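Subject: The structure to look at

Hi,

Here is the structure I promised to pass on to you. Have a look at it first, and then read on for what turned up in it.

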Amino acid sequence: MLLLISFSINAQDKNNEPKKPIKTIYVMGGIASTYTQKDSAFEKKYHIHYHDFGCLAPANFEEYETKNKTVFDELKKEFGLQWLEEIKTSVFGLDKWKKS
């Protein structure tokens, strides 16, 4: 019973509202990862976490494009298209999603 109460308290912010879940967007980086203040602001504003693979693309690239597509659809549903002006351009599948 105590564990359940502890979980429900931790699942709410200080305004007593449930926290929004953090979604992950997968990014193809480079030799040196570039994470800017703009990226941090985007993550906070849209409840997103960027996962940067660095310069090595994962073997199952299409799987991560599909995961990103799901997040793009959710962002569009919740925020319209304004987030497109702020998102990193190196995220997996963004160009393909825009064309669909």
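Let's start with charged side chains: the structure holds 5 salt bridges. Please keep in mind throughout that this is a predicted model. As background, side chains of opposite charge can pair when their charged atoms come close.

Three of these pairs are good ones to find on your screen. Glu-65 and Lys-96 join their side chains in a salt bridge, at 3.0 Å from N to O. Glu-65 belongs to helix H3 and Lys-96 to helix H4, so this pair ties together parts that are 31 residues apart in sequence. The two partners have unlike surroundings: Glu-65 is buried, at 15% relative accessibility, whereas Lys-96 is exposed, at 55%.

The next pair stays inside one helix. Lys-67 makes a salt bridge with Glu-63, and their closest N and O atoms are 3.3 Å apart. Both residues lie in helix H3, 4 residues apart, which is about one turn of the helix. Lys-67 has a relative accessible area of 35%, so it is partly exposed. Glu-63 is also partly exposed, at 36%.

Lys-69 and Asp-73 form a salt bridge too, at 3.1 Å from N to O. This pair likewise sits in helix H3, with 4 residues, or about one turn, between the partners. Lys-69 is partly exposed at 40%, and Asp-73 is partly exposed at 34%.

Now for a charged residue without such a partner. How far from Lys-23 is the nearest side chain of opposite charge? That side chain is Glu-74, 4.0 Å away, and Lys-23 is buried yet has no salt bridge. You will find Lys-23 in strand E1, which covers residues 23-27. Apart from neighbours within four places in sequence, Lys-23 is in contact with His-47, Ile-48, His-49, Val-71, Glu-74 and Glu-78.

One of those contacts, His-47, deserves its own look. His-47 is located in the loop between H2 and E2. Most residues other than glycine have a negative phi. His-47 is not a glycine, yet its phi is positive, at about 55°. With 24% relative accessibility, His-47 counts as partly exposed.

Let's step back to the whole chain. The chain has 4 helices and 2 strands, and along the sequence they follow the pattern α-β-α-β-α-α. Of its 100 residues, 26% count as buried. Among contacts with a separation of 6 or more, 68% link residues 24 or more positions apart. The chain exposes about 7,300 Å², with carbon and sulfur atoms supplying 58% of that area.

Next, the inside. The largest nonpolar core has 14 residues, and those touching the most other members are Ile-25, Phe-42, Phe-72, Leu-75, Trp-83, Ile-87 and Val-91. E1, helix H2 (37-46), strand E2 (48-52), H3 and H4 each give two or more residues to this core. The largest share, 3 residues, comes from H3.

Two of these core residues are worth following. Leu-75, leaving out neighbours within four places in sequence, is in contact with Ile-25, Phe-42, Tyr-46, Ile-48, Gly-80 and Trp-83. Val-91 lies in the loop between H3 and helix H4 (94-99). Is Val-91 buried or exposed? Its relative accessible area is 6%, so Val-91 is buried. Val-91 touches Ile-25, Tyr-26, Val-27, Tyr-50, Asn-68 and Phe-72, not counting residues up to four places away in sequence. Val-91 and Tyr-64 are 27 residues apart in sequence, and their C-alpha atoms are 9.6 Å apart in space.

Asn-68, one of the residues that Val-91 touches, is in helix H3. Asn-68 has 0% relative accessibility, so it counts as buried. Beyond neighbours within four places in sequence, Asn-68 is in contact with Thr-24, Ile-25, Tyr-26, Val-91 and Phe-92.

Finally, a word on confidence. The chain averages a pLDDT of 83, and 79% of the residues score at least 70. Helix H3 (residues 61-79) has the highest mean, at 96, while helix H1 (residues 2-10) has the lowest, at 39. Over residues 1-13 the pLDDT is below 50, and this stretch has 7 contacts in the model beyond near neighbours in sequence.

Enjoy exploring it!

Best wishes

Methods: Residues numbered from 1 in each chain as written. Predicted model: local features only at pLDDT ≥ 70, side-chain atom pairs only at ≥ 80, totals over all residues. Heavy atoms only, no water. pLDDT = per-residue confidence, 0-100. Contact = heavy atoms within 4.5 Å. Buried < 20%, exposed > 50% of the residue type's maximum accessible area, 1.4 Å probe, protein only. Areas by Shrake-Rupley, 256 points an atom, 1.4 Å probe, with all protein chains shown as cover. Lys, Arg positive; Asp, Glu negative; His and termini not counted. Core = buried A, V, L, I, M, F, W, Y, C linked by side-chain atoms within 4.5 Å.
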